[in-house]
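Student: Could you take me on a close look at one part of this model, the strands and what packs on them? I would like to follow the pairing from strand to strand.

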Amino acid sequence: MIAERPKQRHTDEICCAATHIDRTILRRNNTTLVAWMSAITVLKFGGTSVSTQNRWANIATIAEDRLRQGPVLIVVSALSGMTDRLKALAEAPGDQTMVGAIIDRHRRMADELAVPVNCLDAIWAEFEVARTALIAHPEPAQQAALLACGELLSSTLGAAFLNRAGLKTTWRDARHYLCSIDAEHDTAWARSLSAQCSPELNASIARRWSHETPLSITQGFIARNILGQTVLLGRGGSDTSASYFGALLGAARVEIWTDVPGMFSANPKLVPNARLLRELDYDEAQEIATTGAKVLHPRAINPVREARVPLLIKDTERPELAGTVIGPEAATQRLSVKAVSMRTGITLVSMESIGMWQQVGFLADVFERFKRHGLSVDLIGSAETNVTVSLDPSENLLDQRALTALCEDLAQVCRVKVIAPCVAITLVGRGMRAMMHRLSDVLAEIGERRVHLISQSSNNLNLTFVIDASDAEGIVERLHCQLVKAGLIGAPGDSVFGPAWNTLLGNQPSPRNAWWQSSGEMLLELAGSAPTYVYASSQLGAAIERVKSIGADRCFYALKANAHPDILRRIAAGGIGMECVSLAELDHVCTTLPKLEPERILFTPNFAPRAEYEAALARGVNVTIDSLYPLQQWPELFAGRSLLLRFDLGRGVGHHDKVKTGGGRSKFGLLIGEAVAARAAADAAGATVVGLHAHLGSGEIDPNHWRDVYAGLASLADHFPAVRVLDIGGGLGVPYASDDDELDIDRLRSTLAHVRTLFQPFEVWIEPGRYLVAEAGVLLTRVTQVRRKGDILQVGVDTGMHHLLRPALYDAWHAISNLSRADQPAATLCDIVGPICESSDVLGSDRWIANPIEGDVLLIANAGAYGAVMSSRYNQREPAREIFSDAL
């Protein structure tokens, strides 16, 4: 079961200074205040971080840096894989081959660190005592003594290395400071191998350590019991040890150093574009750790939460990265889903009985049986005659005899069904219930699978779905994608979310069609001294041919995407007509293409004044109406005219809410329910409806979208007997990054061909805009300044949101490359910012580019659509130049 959020223990406000934390801590009796200042930093390093000389050198560098702020305590795990080796030895303590392998591994480590092997002699003596005792008495207490030697050995090697490196280090035995507490129901196994501590703040220890030596090293994973015997803190115990020491010492902070740069919005192995979580509060971090995240053990959070000590997760190999900060509260109050996690190996037990209805004590009797068989309940779902629970994956559960015995016991009071194997998918975020209305796509995705249990936690921090394990493939990635689209993960301005995993690794996504990579010299010549848009004729021509291959009867270019005269001429020469949304666009087309036939022009305005309709009709172009108002209020305009009607089919699509043009409160199109009224208004005006139109959004890549639009319009055609045209709109998406999916033109062609066979034959019109021009255009800009602000390197350029509004308006992603240093690796992580006095004037965050200096030319890719046409003179800055190149 997911517990209620613990009541927050009262503490006075924590005041953070540059090198220490002043804290006033209330003792547990809530009466006596102890004011104490601690500057100690606790650093924990896991097995992979202590298993090579290079990584120990990193530890030394990190420790030396933290020593500038105050005393440091290093907590270490055993060498990588050593705990498993010791566990295997505990099963066969007389196996001399395993003993020899363990000794050899540590001797080789001592040689690698260039420290004397005999520094381990005292630990080897303890190792031999524990091993001998285990042969005579194979019990948990003896097993704990043997397994503890892994951390005792690694910490001794570490102390020797740090002293040899010139950092005076004191080795401390964790068992002298951490004492376990026994719960009444604990088994002997739990008391020895999965113990828990409850350390109280001990200011005298911290002061004594600080005076003796500024740097100490100790062991994770181990403690003692009240009898002085060695006990272990369970798997992940080194994280917990660090937290215990943080609480014991009232530390300024605890840093968990591992092989990843923090906690992420999903498992990066499953979701490469999972976002770094810069800040979390204790409760959210606890939920993420408990529901599947492996980077931090769930037990590690409560000790620092109780002591109000900040906890950081850092990357040993890349210490410059900010990592994740876990504290009393995150900086943002914005509603967001912090993470999607998955736990495997879930077993459900479904219990059904009419006898449980209103029966006092039924659940108490049932759960007593779970306790009796040593099985822990996690999630609970209940109905009047059914209770279904999930079991915590545990070593006891792996023993099928325990589950079988439980079922036999439960069968005495109810019908029992075991459902396994299952997985639990959990969304974590504070205020989950307030986000329900934005989870429709997530719920639809989950609904396609066999769902056995849904649980929304009482602390309002998570929403969990238990599904069949066979349905789990790819679900975390798809849910993460849906949450990003919904603005619930990584929304602009939400300081919780940092760079994506693949960005932090330097895997900078680039467009597939990066034609500019082979045209660098020519583009540098065109760059000039001011921001410049460059359009490549060859790329435009290739897009024209792809669009024509779709097989539509007519194609109209939505020139709102890019109205450059040379682009219009090239598109018209390719046999594609023009779609205009304003009289100014129509005038521009007629001026630029004076010989273009009126039937190749489509006028599709929205809330335009009467005069624009009059002018368009006078020119004889195709006119689309998307509201009853013009037909009902200006019927005389349309007498004897042939018209198209635009409908909203009740839904919107697109890469951002602001590009969705259907559904909800969209201002575009007639409602489906207005079809009869529209027919009546057209008849009354003496107009003939010859075509139906729908355009629901932009950036779509699923061919089935246009199939569904065609089918929706065809069903409406029954109201309009003269209809011969179905205009299925545009919105054809393009890949802006290498991990974006691409529209399959061949599949779109075959999909349309098939759907046309299912209805009476109609002409098909389409209106692509972005698809024709986006990839053909780039924006060239020069670096103006480079500065570091805290952890962020900011690269200023002479272009911004006044030239390219899409990043600020739509959170759009454009690849950015240092064209001046194309032969150098993209090894500098930075934000690319413009000169406009707006916080949103950021062209790209967390981007890897070749080391930029003032004057370098940066290239912003896929800028051919909705770039120059949306520019302004904001801040009185000049527009960018535009160049159409036949040579590119």
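Tutor: Happily! Strand E4 (residues 41–45) runs parallel to strand E12 (residues 253–258), and the two pair over 5 bridges. Here strands are DSSP runs of E with at least two residues, helices are runs of H or I with at least four, and both are numbered from the N terminus; two strands count as paired if DSSP finds at least two bridges between them. Within this pair, threonine 41 stands opposite arginine 253 of E12. Helix H6 packs on the sheet, where it touches strand E5 (72–76), E6 and strand E9 (215–219), and its direction makes about 160 degrees with that of E9. Contact means heavy atoms within 4.5 Å, while angles run from 0 to 180 degrees between the N-to-C directions of axes fitted to C-alpha atoms, for helices over the stretch in contact.

Please keep in mind that this is a predicted model: local features need pLDDT of at least 70, side-chain atom pairs count only at pLDDT 80 or more, and totals for chains, interfaces and linings use all residues. Residues are numbered from 1 along each chain as its sequence is written, and side-chain values use heavy atoms, with hydrogens and water left out.

Now step back to the whole sheet. It is open, with 8 strands in the order E6-E9-E5-E4-E12-E15-E16-E14 and mixed pairing. Strand E6 (170–171) and strand E14 (279–281) form its edges; each has a single partner strand, so one side of each lacks a neighbour in the sheet.

H6 also leads us to helix H5 (residues 140–147), whose buried residues pack against H6 (149–164), with helix H2 (82–91), helix H4 (121–136), helix H7 (188–193) and strand E11 (230–232) as further partners. Those buried residues of H5 are Gln142, Gln143, Ala144, Leu146 and Leu147, where buried means under 20% relative accessible area, exposed over 50% and partly exposed in between (1.4 Å probe, protein chains only).

For a companion view, try the open sheet of 6 strands, ordered E18-E19-E17-E20-E22-E21, with antiparallel pairing. Its edge strands, E18 (377–382) and E21 (451–456), each pair on one side only, and the twist averages 30 degrees from one strand to the next. E18 pairs with strand E19 (residues 386–391) in the antiparallel sense over 4 bridges, and valine 377 faces leucine 391 of E19. Helix H12 (residues 362–372) lies across strand E17 (339–352), E18 and E19, at about 25 degrees to E19.
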